[in-house]
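Student: Could we go through this structure together, asking at each step how a statement about it can be justified?

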Amino acid sequence: MNLLKPKINWEEDYSSKILILLIFFIAFIFSVRLWFLQILKGDYFAKKSLDNRTRIVKVYAPRGLILDRERKLLAFNEPAYDLAIIREDCKDKIKSCEQELKTISSLLKKDFTELKEKFLKVKKRVKVFEPLILLTNLNFSELAKIESRIYKWPALKIIVRPRRKYNHAYALSHVLGYVSLASEEDLNKDLNLDPGDYIGKNGVEKSYENILRSEKGKKKLEVDAVGRVFKENLLTPPQPGEDVFLSIDLELQNYIYQILEGKAGAVVVLDPETGQILALVSSPGYDLNKFVFGVSAKEWKAWLKHPFHPLQNKVTQGTYPPGSVFKLVMAGFLLNKLKIDPLERIFCPGAYKLGRRVFRCWRKEGHGWVDLNRALVESCDVYFYKQGEDIDIDELKSFVLASGFARPTLLNLPYEKSGFFPSKEWKWKRFKEGWQKGENLNVSIGQGYVLVTPLQVAKFIGGIVNKGITYRPSLLLEEQKMFPESLPFSQSSLEFIQKAMIDTVQAERGTARRLKNLGLIIGAKTGTAQVVKLKEEDLEKEVEEIPYKYRDHAWMASFGFIGKKKYVVVCLMEHGGHGASGSGPIVKKIYQYLKNKNDRQKIN
C-alpha cells in the first residue's frame with residue numbers, strides 16, 4: 001500500500017507567517033510605545049496628570065506705604081476685586097471662552113469686542129490654567145452680580161488683591177505721583193510684571209518703584225473636575241513692599257496748597273542745612289486716585305486743555321525766565337569774576353540806550369545814583385544793563401552752571417527739566433547769528449533766553465544762606481546733606497548778598513518790604529519775568545486789565561531764620577504780575593505759618 005505525502009499549500013503557510021510577524025510587529029510597537037510612555041516619559045506624564053488637578057497661583061502682597069516726616073499716611077492700600085478667567089475651565093473645547101466673555105459682557109454691560117480684544121491680547125502671556133485678569137476694580141454691584149452666578153461658570157474667578165489709595169491726593173499729586181496698570185511696553189521691559197499689575201508711573205511712586213513694589217508669592221491649589229478648590233498649600237510667601245518716609249511736612253503742604261487754590265503757581269520750602277524739601281506744591285493739582293481706576297479719555301483731554309496745566313509739576317518741570325531774581329547770580333558774577341567795586345555808583349534815569357535801542361528800567365522815573373546794594377534792594381535794571389553790557393556770555397554761562405542752573409538738581413522725582421542758559425555757539429547753531437550786546441543786557445536782568453525752575457532757585461538760595469554750600473534737594477527723610485557743592489562765591493560776596501536781601505525786606509524802598517514786621521530775620525529778592533513784550537499803551541495798565549496769558553510771571557525767592565532753623569521759601573506765580581504783589585502775600589503767609597508752628601512747639 002502506497003502512502004502518499006500530504007500536499008503542502010505553500011501560499012497559505014506564507015500568509016500565516018506574515019500574519020504572525022505582523023502581530024508580533026504591532027505588539028512590539030505597542031510595547032515600545034508603552035515603554036516610552038510608562039518608563040522613559042513616566043515622570044513627565046505623571047506631572048501632567050497632576051497638573052490637571054493642581055494649579056500654581058500667585059499670591060499678591062501689599063505695596064509699600066508712603067508716609068510724611070511725622071509718619072502720617074500719604075499712600076496706602078485697600079482690598080480690590082478683579083475678575084479673571086481660567087481658559088482651561090472654559091466650556092468650549094477650543095478654549096476661546098466665547099460663552100464666558102458674552103456672559104460677562106451681558107451681565108456687567110461691558111463691550112464684548114473690547115473684552116475679546118483684551119482676552120486675545122493677554123492670553124499669550126498667561127498659561128491656560130492661570131487666572132487671566134479681564135476686569136479690575138469691580139464695584140460692589142458688579143461683584144455681587146458675578147458672585148451670585150459664579151457657580152454656573154467655573155472658569156470665572158474673583159481675585160482679591162491690594163489697591164492703591166491716596167490721602168490728600170490733590171495737594172500731593174506732584175510729589176507722590178500715581179500707580180496705573182502696566183502697559184504692553186512695561187510688560188515687555190520687566191519680565192517680573194504680569195498683565196493686570198500696577199506700577200508707579202510718576203512721582204515718588206515711579207522713582208522708588210523697586211522699593212515700593214511687593215513680591216508675589218506662590219500657592220498650590222488642588223481642584224476637582226469643575227475647578228473647585230478642596231486643598232491649598234503655600235509654596236512661597238508673598239513679600240510686601242518697603243515703606244518710604246518722605247521729608248514732606250503734610251500740614252505745611254496742605255496749608256500752602258489751600259492758599260494757592262484757584263491759582264497757577266509753584267512753591268518749594270527747603271531746609272538749606274540738609275537739602276530736605278519740607279513742601280513741594282504745584283497748583284493746581286489733580287486727583288491721583290482716578291489713575292488707579294483708570295482715567296477716561298474725557299477727563300484726560302480736560303486736564304490737557306486746562307489753561308493752568310494741572311498735570312505739570314511746575315516746581316521741577318516748569319521753566320521760566322527768572323527776571324530780577326537772576327540779579328543775585330549777576331551780583332555774584334560781578335563781585336567774584338569781574339571784581340567790581342560794589343560801592344561804585346551808576347546813574348539810573350529810567351532807561352539805558354544801546355545804539356538805537358532803548359532798554360527801560362521798571363521804574364520809569366529812574367532810581368538816580370545807585371550802587372550794587374541799592375541796585376539789588378530796589379531792583380534797578382539800569383545798573384545791571386550797564387555792568388552787563390561788555391560781559392563775555394560764555395564766561396557768564398560757566399559761572400551760571402557752577403551756581404546750579406542750566407542743569408538738573410537731581411531731585412528724586414522723574415522728568416525734571418534742566419532749564420536753559422545761552423552761549424555763543426548755541427546762538428550760531430540756532431539762528432546762524434553772532435551774539436549781540438543787546439542780548440547781554442536782557443540776560444543781565446534774567447530775561448532773553450534764560451530759563452530756570454523754581455527748584456533750581458531754591459537750591460541756589462539755600463547756598464547763599466548756607467555759607468556757599470548747596471546740597472542735592474531730597475524728598476527722603478533719611479537723606480541729608482547729599483552731594484555737597486560749593487557756589488563760586490567768596491564768603492565776603494555771600495555776606496554782601498545776604499545783607500542786600502535782608503535790606504530788600506527792611507528798607508523803605510525794598511521791593512520785598514511786604515515781608516517786614518513778622519518779627520523774623522528774612523532776606524528776599526523779587527522778580528517780575530516778562531512773558532511777552534507789551535505794547536506801549538499796555539505798560540500803564542493794571543495787571544488785571546492785561547489778558548491773563550500776557551501777564552508777567554511773579555517771583556519771590558527768600559530765606560528766613562525762625563528760632564534755630566533756617567528756611568528757604570521760593571514762590572512762582574504764573575502770570576501773577578509783579579513779584580512783590582503776586583508772590584509776596586503767599587510767601588508772607590508761609591513764614592507766618594512757620595513762625596506760629598515754631599511758637600507752638602516751644603510751648604509744648
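Student: Which residue in S21 is the bridge partner of Phe 561?

Tutor: In this predicted model, the bridge partner of Phe 561 in S21 is Lys 566.

Student: How do you know that strand S20 and strand S21 pair?

Tutor: Two strands count as paired if at least two bridges are found between them. Strand S20 (residues 553-562) and strand S21 (residues 565-573) are joined over 9 bridges in the antiparallel sense, so the condition of at least two is met.

Student: What is the order of the strands in the open sheet?

Tutor: The sheet has 5 strands, in the order S12-S11-S21-S20-S19, and their pairing is antiparallel. From one strand to the next, the twist averages 5 degrees.

Student: What makes S12 and S19 edge strands?

Tutor: Strand S12 (277-283) and strand S19 (521-529) each pair on one side only.

Student: Which strands does helix H10 touch?

Tutor: Helix H10 (residues 250-259) packs on the sheet and touches strand S11 (265-270) and S12, and the direction of H10 makes about 25 degrees with that of S12.

Student: How many cavities of 30 Å³ or more are found, and which residues line the largest cavity?

Tutor: The search of the whole structure finds 5 such cavities, and the largest holds about 70 Å³ of space. Its lining includes Ser 173, Tyr 286, Leu 311 and Pro 414.

Student: Why is Tyr 286 in this lining called nonpolar?

Tutor: Tyr is among the residue types that count as nonpolar, so Tyr 286 is placed in that class. The lining as a whole divides into 4 nonpolar, 7 polar and no charged residues.

Note on methods:
Residues numbered from 1 in each chain as written. Predicted model: local features only at pLDDT ≥ 70, side-chain atom pairs only at ≥ 80, totals over all residues. Heavy atoms only, no water. Helix = DSSP H or I, 4+ residues; strand = E, 2+ residues; numbered from the N terminus. Axes fitted to C-alpha atoms, helices over the stretch in contact; angles between N-to-C directions. Contact = heavy atoms within 4.5 Å. 1 Å grid on protein atoms, 1.4 Å probe; cavity = no way out; pocket = protein on both sides within 12 Å on 5 of 7 lines; lining within 4 Å. Points joined across faces, edges and corners; volume = space filled by probe spheres on them.
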